[in-house]
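These notebook entries record what I looked up in the structure shown below. I began with single residue pairs and then moved outward to the sheet and the whole chain.

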Amino acid sequence: MNYWLIKSEPNTYSWDDLVKLGKDHWDGVRNYQARNNMKAMKPGDLALFYHSVKEKSVVGIAECASEFYQDPTTDDDRWVVVDFVPKEKLKKPITLDDIKAVPELSEMVLVKNSRLSVQPVKKEEFDKIIAMSEA
């Protein structure tokens with residue numbers, strides 16, 4: 001299993017939107033590195049759902065529910081989507097400032113390249129963020 005972080009502006013697409021739909025494809029990615037990360041996703045992989053812009057916090061855990069396929073919002077075959085289902089809402093959101101304050105998380109892609117919308121997360125980083133949300 002691999003771990004990821006997926007980012008969305010909550011006023012565009014929020015955790016609650018995914019929960020309401022129950023399953024949805026992650027579309028609109030137009031960055032090659034983020035796209036390549038999506039191509040590496042497998043069903044069962046877990047992703048931290050991150051609200052960007054004003055909130056800047058991890059709010060939930062989503063599960064990858066498909067292999068990648070053509071993004072239905074474009075005819076350009078360079079872009080792909082994967083399906084996600086909501087797994088669980090975090091007990092408390094973990095902010096970017098919270099993450100930056102933890103030395104073990106200083107090498108996270110989120111800290112080093114905060115603009116990347118789909119990024120890998122190490123298992124240790126994933127577990128630490130979940131533990132922080134339960135503290």
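**Entry 1. Strand 4 and strand 7.**
I started at Val58 and found that Val58 stands opposite Ile94 in strand 7. I note that the model is a predicted one. I then asked in which sense strand 4 and strand 7 pair. Strand 4, residues 57-64, and strand 7, residues 83-95, are antiparallel and share seven bridges. I looked up further pairs: Ser57 stands opposite Thr95 in strand 7, and Cys64 has Phe84 of strand 7 as its bridge partner.

**Entry 2. Strand 3 and strand 4.**
I turned to strand 3, residues 46-51, which pairs with strand 4 over six bridges in the antiparallel sense. Here Val58 appears again, since Tyr50 stands opposite Val58 in strand 4. I recorded Val58 as facing Tyr50 and also Ile94 of strand 7. As a general reminder, I noted that strands of a sheet pair through backbone hydrogen bonds, in a parallel or an antiparallel manner.

**Entry 3. Burial of strand 4.**
Is strand 4 largely enclosed or largely open? I found seven of its eight residues buried, so strand 4 is largely enclosed by the rest of the structure. The cut-off I relied on for buried is under 20% relative accessible area.

**Entry 4. The loop between strand 3 and strand 4.**
I examined the hairpin of strand 3 and strand 4, which has five residues between the strands. Which sign does phi take at Val53? Phi of Val53 is positive, near 65 degrees, in a residue other than glycine. I found a positive phi at Lys56 too, near 45 degrees, and Lys56 is likewise not glycine. I marked both values for a reason: most residues other than glycine have a negative phi. Val53 lies in the loop between strand 3 and strand 4, and Lys56 is placed in the loop between strand 3 and strand 4 as well. I then looked up their accessibility. Val53 is partly exposed at a relative accessible area of 46%, and Lys56 counts as partly exposed at 41%.

**Entry 5. Strand 2 and Lys23.**
I moved to strand 2, which two bridges join to strand 7 in an antiparallel arrangement. The bridge partner of His25 in strand 7 is Asp83. Where is Lys23 placed? Lys23 sits in the loop between helix 1 (15-21) and strand 2. I recorded Lys23 as partly exposed, with a relative accessible area of 47%. Leaving aside neighbours within four places in sequence, I listed the contacts of Lys23 as Leu18, Ala65, Asp83, Phe84 and Val85. Two of these names I had met before: Asp83 as the bridge partner of His25, and Phe84 as that of Cys64. I also checked Lys23 against Thr95, which is 72 residues away along the chain, and their C-alpha atoms are separated by 25 Å.

**Entry 6. The sheet as a whole.**
What is the order of the strands in the open sheet? I read the order 2-7-4-3-1-8 for its six strands, with mixed pairing. Strand 2 (24-25) and strand 8 (118-121) stand at the edges with a single partner strand each, so one side of each is left without a neighbour in the sheet.

**Entry 7. The whole chain.**
I counted five helices and eight strands in the protein. From the N terminus on, I read the elements as β-α-β-α-β-β-β-β-β-α-α-β-α. The radius of gyration is 14 Å, close to the 14 Å of the globule rule for 135 residues, so the protein is as compact as a globular protein of that length. The C-alpha atoms fill a box of roughly 45 × 30 × 30 Å along the principal axes.

I found that buried residues make up 44% of the 135 residues. Of the contacts with a separation of 6 or more, 68% involve residues 24 or more positions apart. The accessible surface comes to about 7100 Å², and carbon and sulfur atoms account for 49% of that surface. Lastly, I looked up the charges: the mean positions of the 20 positive and 23 negative charges are 3 Å apart.

Terms used: Residues numbered from 1 in each chain as written. Predicted model: local features only at pLDDT ≥ 70, side-chain atom pairs only at ≥ 80, totals over all residues. Heavy atoms only, no water. Helix = DSSP H or I, 4+ residues; strand = E, 2+ residues; numbered from the N terminus. Rg over C-alpha atoms; globule rule 2.2 N^0.38 Å. Buried < 20%, exposed > 50% of the residue type's maximum accessible area, 1.4 Å probe, protein only. Contact = heavy atoms within 4.5 Å. Areas by Shrake-Rupley, 256 points an atom, 1.4 Å probe, with all protein chains shown as cover. Lys, Arg positive; Asp, Glu negative; His and termini not counted. Charge placed at Lys NZ, Arg CZ, Asp CG, Glu CD. Pairing = 2+ DSSP bridges.
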